[in-house]
Amino acid sequence: MSDIIVTDNDTLDRETAVSKSQTPNGHAPYGVAGMFVDDAHIVCAGCVSDEEWHNEDNSVMFGDAESDYPGTLCADCEKPLDTHILVYKSQDPKLFFRLRMSEELGEYNECLTIEQIAEKAKEKAYEMGYAEASPIEGEYGEGGEFADSKPEVPTDSARWANILAPKLRSIAGYEDSGYGTYQELPIDVVHDIYNEDVSTAFREGYYDCAEGKEQ
Ligand SMILES: [Zn+2]
């Protein structure tokens, strides 16, 4: 998996500096994010003066430009210019994680908080546990074996090791980066989400289904 995520201010829910849809000469398919004034600083379309805007010596920064997080800021209003924003795993690991997990959990234009990620991961894990227990429903039925004892979650099967556990880890934020990935024990938020939220929720879903409770 790549160590850079391309995002934008909307996704990061930040107030963006003013941009323009055209250059002084008219043509700007991706819009104008800002203008380099006197080669010294860059200002947004809201802060640039008319004189500067029409000065042919000043060049523009287009909206399809890429800036490293936190982005290029307007020298006047200090808001980030409306360009693509690159977030590096090595530099902003937490933000990178939030963006990656937002996509993993189906939110492509949002940067979920850690709490929201935990909540969504929990829901998914519950559903997986519920679905996983479904096939045994007929076997046990109402008032059957599960009435007084908890069913065993089959964690010793090949299906668990090869399919379920990796899936659960991935919805909690572990990356499958090849051999050895899951032997590591990261002491971070991912580890907490996996152990306290996802694992527990999976079991709850499994038990509820086995015991015939509504999802
Ligand atoms: Zn500005």
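P154 sits in the loop that links α4 (137–140) to α5, and in this predicted model it offers a convenient place from which to begin. Is P154 buried, exposed or partly exposed? With 13 other C-beta atoms within 10 Å, P154 is partly exposed, because a residue counts as exposed at 12 or fewer such atoms and as buried at 20 or more. Although P154 and A133 are 21 residues apart along the chain, their C-alpha atoms are separated by 9.8 Å. A133 belongs to helix α3, which covers residues 114–133, and that helix will return later in this account.

Before following the helices, it helps to look at the chain as a whole. The chain contains six helices and six strands, and, read from the N terminus, its elements come in the order β-β-β-α-β-β-β-α-α-α-α-α. Of its 215 residues, 28% count as buried. If one takes the contacts between residues at least 6 apart in sequence, 61% of them join residues that are at least 24 apart.

The strands can be followed sheet by sheet. One open sheet is built from three strands in the order β1-β6-β5, and its pairing is mixed. At its edges lie β1 (4–7) and β5 (66–68), each of which pairs on one side only, and from one strand to the next the twist averages 30°. How the mixed pairing arises can be read from the two neighbours of β6. On one side, β5 pairs with strand β6 (residues 84–88) in the parallel sense, over three bridges; here D68 stands opposite L86 in β6, while E66 has H84 of β6 as its bridge partner. On the other side, β1 and β6 pair in the antiparallel sense over four bridges, and I5 stands opposite V87 in β6. Strand β6 also has two faces that can be told apart, since I85 and V87 form a covered one, whereas H84, L86 and Y88 form an uncovered one.

A further open sheet is made of three strands in the order β3-β2-β4, with antiparallel pairing. Its edge strands are β3 (41–44) and β4 (60–62), and each of these pairs on one side only; the twist from one strand to the next averages 30°. Between strand β2 (residues 32–37) and β3, which run antiparallel, there are four bridges, and within this pair G34 stands opposite C44 in β3.

The path now leads back to the helices, and to three of them in particular. Which directions do α3 and α5 take relative to each other? Their axes come within 9 Å and cross at roughly 165°; since an angle over 145 degrees counts as roughly antiparallel, α3 and α5 are roughly antiparallel to each other. The crossing of these two helices is right-handed. From α3 the contact takes A121, K124, A125, M128 and E132, and from α5 it takes L164, K167, L168, I171 and A172. Sorted by class, the residues of this contact divide into seven nonpolar, no polar and three charged.

Helix α5 (residues 158–172) also meets α6, and the axes of this pair come within 9 Å, crossing at roughly 125°. That angle makes α5 oblique to α6, and α5 passes α6 in a right-handed crossing. On the α5 side the residues L168, R169, I171 and A172 take part, and they meet V190, I193, Y194, V198, S199 and F202 in α6. Eight residues of this contact are nonpolar, one is polar and one is charged. L168, I171 and A172 of α5 thus appear in the contact with α6 as well as in the contact with α3.

The remaining pair brings α3 together with α6. The axes of helix α3 (residues 114–133) and helix α6 (residues 189–210) come within 7 Å and cross at roughly 35°, and α3 passes α6 in a right-handed crossing. The contact of α3 with α6 has 17 nonpolar, two polar and seven charged residues. In this way the reader can trace contacts from α3 to α5, from α5 to α6, and from α3 to α6.

Conventions: Residues numbered from 1 in each chain as written. Predicted model: local features only at pLDDT ≥ 70, side-chain atom pairs only at ≥ 80, totals over all residues. Axes fitted to C-alpha atoms, helices over the stretch in contact; angles between N-to-C directions. Left-handed = near helix turned anticlockwise from the far one by under 90°. Nonpolar A, V, L, I, M, F, W, Y, C, P; charged D, E, K, R; others polar. Pairing = 2+ DSSP bridges. Parallel < 35°, antiparallel > 145°, perpendicular 65-115°, else oblique. Contact = placed C-beta atoms within 7 Å.
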